[in-house]
Amino acid sequence: MIKAIFYSKFDTQEGPKVVHQVPDGAIVPSSTAPSQPPFFTFSDVSFFVIPRQELCGNLIQVCTNGYRILGYPICMKSLRYDRNEFIFNFCLVLAEEEDFSTYKSVVQKLADLMHGLEEQNGFLSRDHSKSGEGKVYSLCETLMEDLNNYCESMIPIDDLNTLNVKLFPVYPAPPSVRAWQVPLFTVRYQAFMDENWDLTMQRIVPHINGVNSVRIISILADTDFSLTCRAIRHLLYYGCLFLLDIFSFSAIYAPTALFSSTIASDEDMQRECARYINATFASPTTASKNFNPDLPPRHDDPDAVWPPTGDPIPIDLSSTNGSPRPVSPSTTSKSGSTAPSADHHRNHPQGSSTTTTLTEDSSSSSSTVVDGVSIVELYASLKQGQSVKHWYIQHSRQLAHIDIRRFITFGVIKGFLYRVHKYAIATGQPAPPSKSSHLHHQHLHNYPTSGPSSRGPGTGTNSPYASSLGDDPAPIAGGDQSTSAHSGSRPGTVVVVVDDEDEEDYIDDKTLSKFLDGMHCFDQICTELEMSERELTARLKRYPGEVLIIHR
């Protein structure tokens with residue numbers, strides 16, 4: 001917020017002086033406002049407000065007594081002025097700790113306008129009015145009031161000139177957009193998109209659904225990849241979308257340190273999560289009652305945005321143990337509004353874990369809806385070393401009415417869940433000799449190596465380059481290969497043994513080696529090489545050397 005605006009000039013008799021100040025007495029003492037003490041001593045900063053000629057025409061800021069002064073001094077040379085020059089400055093006074101980046105353009109635009117008015121008709125040099133009178137004082141007063149109240153101002157100066165200024169928010173520079181990232185809208189773009197939008201933006205926006213990666217969006221929209229990244233960065237700059245990881249059932253997620261202070265203790269967040277993840281309340285395109293872990297639900301409808309939109313689920317707090325539950329339609333009035341029970345505002349204890357039900361109609365059976373405590377328990381059960389698929393198999397009963405993709409997305413967006421990425425490192429050592437096949441058969445039992453891959457830009461479940469069709473974080477073993485743990489390897493690593501040269505590779509070893517430095521995650525490798533994770537795993541088996549797979 002602007003604390004004061006003042007107009008200062010260099011007087012040939014008095015030197016730097018304040019001509020107008022708003023509010024009165026804020027910069028120099030005034031007889032009309034004796035109760036208003038000045039914010040600072042003007043003589044201490046007058047050298048910076050009216051500097052020497054070499055510094056004029058530049059943005060100047062100075063901090064004193066807890067205030068920040070922003071100005072753009074102007075020096076005009078002409079024979080019509082005393083000493084053949086006229087130096088003036090319009091300054092804004094802000095709190096020192098306040099972000100001043102949005103006000104830089106205001107002082108510069110104000111200085112440029114006054115420079116032009118002075119050249120046209122001597123607008124400033126002919127203003128000899130006292131404080132509280134004249135156009136210059138009125139302009140300062142109106143400008144301060146408009147910017148503080150409306151963040152914009154339009155002040156007519158004369159028939160030909162108008163001052164138009166607006167405070168535009170300055171956001172931090174968005175991060176770089178990677179080909180393997182997945183954008184998810186936070187707004188409904190249909191509400192503000194029109195035919196005047198950039199052509200690239202118009203083509204890519206319909207394909208942003210929280211499922212397609214940036215590379216796939218570029219392919220589906222038939223747009224240049226660099227232009228696609230620039231358009232997505234533009235949307236990211238204005239907070240219109242998030243960037244997520246490619247969803248895969250072979251991925252590993254684990255809670256962060258924020259888990260206990262967010263979803264575990266925040267009932268409002270638990271209810272927000274329930275509205276977003278419950279498949280019972282999702283649209284037919286985003287939910288399926290008979291959920292298959294190998295065929296995740298589709299999220300390709302354009303209305304899939306974050307945060308969850310629409311009316312919240314009516315919550316009934318009248319259960320005997322205080323567990324919140326959605327209100328069935330039988331308790332809803334004909335007009336569509338929820339009819340609360342007599343105990344609707346009863347305080348309910350925290351930590352209840354009773355399962356609640358939602359009645360679809362008077363003749364249908366009830367369907368289980370997960371409650372807040374169950375949600376917390378499910379998130380807490382995610383851990384390192386456990387893929388989403390195996391986690392789903394262990395909790396399939398509790399997850400019967402939960403959209404898995406949205407469940408994971410909610411935790412990542414809120415910051416209490418993080419993705420554990422896989423990286424491949426070529427050690428430069430020869431592959432260790434194969435050991436007994438006992439461990440090999442055990443791996444084959446736990447990690448199936450056969451199955452379809454998802455190549456090509458089809459309308460698959462998430463990405464043609466990162467398969468979500470049950471790809472496991474399997475060891476680098478399969479077919480006739482055998483796997484062993486090197487005696488010097490760290491826990492959690494897998495040693496690649498090369499003993500199969502039969503299958504022809506379309507990715508040569510030199511190209512693959514560029515990604516085996518431990519700095520490229522599997523998502524990036526799969527996207528850059530246009531292959532699924534299962535295909536990448538199979539290719540690493542045939543790499544001529546030892547490759548360690550680490551999770552971090």
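In which sense do strands β5 and β6 pair, and over how many bridges? In this predicted model, strand β5 (residues 74-77) and strand β6 (residues 85-95) run antiparallel to one another, with 4 bridges linking the pair. One residue to look for here is I74, whose bridge partner in β6 is F88. The side chains of β5 also follow an alternating pattern: I74 and M76 are buried and point to one face, whereas C75 and K77 point to the other face and are not buried.

It helps to step back and view the chain as a whole. Its secondary structure comprises 14 helices and 19 strands. Of the 552 residues, 48% count as buried, and the chain exposes about 27200 Å², of which carbon and sulfur atoms supply 51%. Among contacts with a separation of 6 or more, 69% join residues that are 24 or more positions apart.

A second place worth visiting is an open sheet of 3 strands, arranged in the order β18-β17-β19 with antiparallel pairing. The edges are formed by β18 (517-521) and β19 (547-551), each of which pairs on one side only. On average, neighbouring strands of this sheet are turned by 30° against each other, direction ignored. Strand β17 (residues 422-426) pairs with β19 in the antiparallel sense over 5 bridges, and A424 has I549 in β19 as its bridge partner.

A helix joins this picture as well. Helix α13 (residues 522-529) lies across β17, β18 and β19, and runs at about 75° to β18.

Key:
Residues numbered from 1 in each chain as written. Predicted model: local features only at pLDDT ≥ 70, side-chain atom pairs only at ≥ 80, totals over all residues. Heavy atoms only, no water. Helix = DSSP H or I, 4+ residues; strand = E, 2+ residues; numbered from the N terminus. Buried < 20%, exposed > 50% of the residue type's maximum accessible area, 1.4 Å probe, protein only. Contact = heavy atoms within 4.5 Å. Areas by Shrake-Rupley, 256 points an atom, 1.4 Å probe, with all protein chains shown as cover. Pairing = 2+ DSSP bridges. Axes fitted to C-alpha atoms, helices over the stretch in contact; angles between N-to-C directions.
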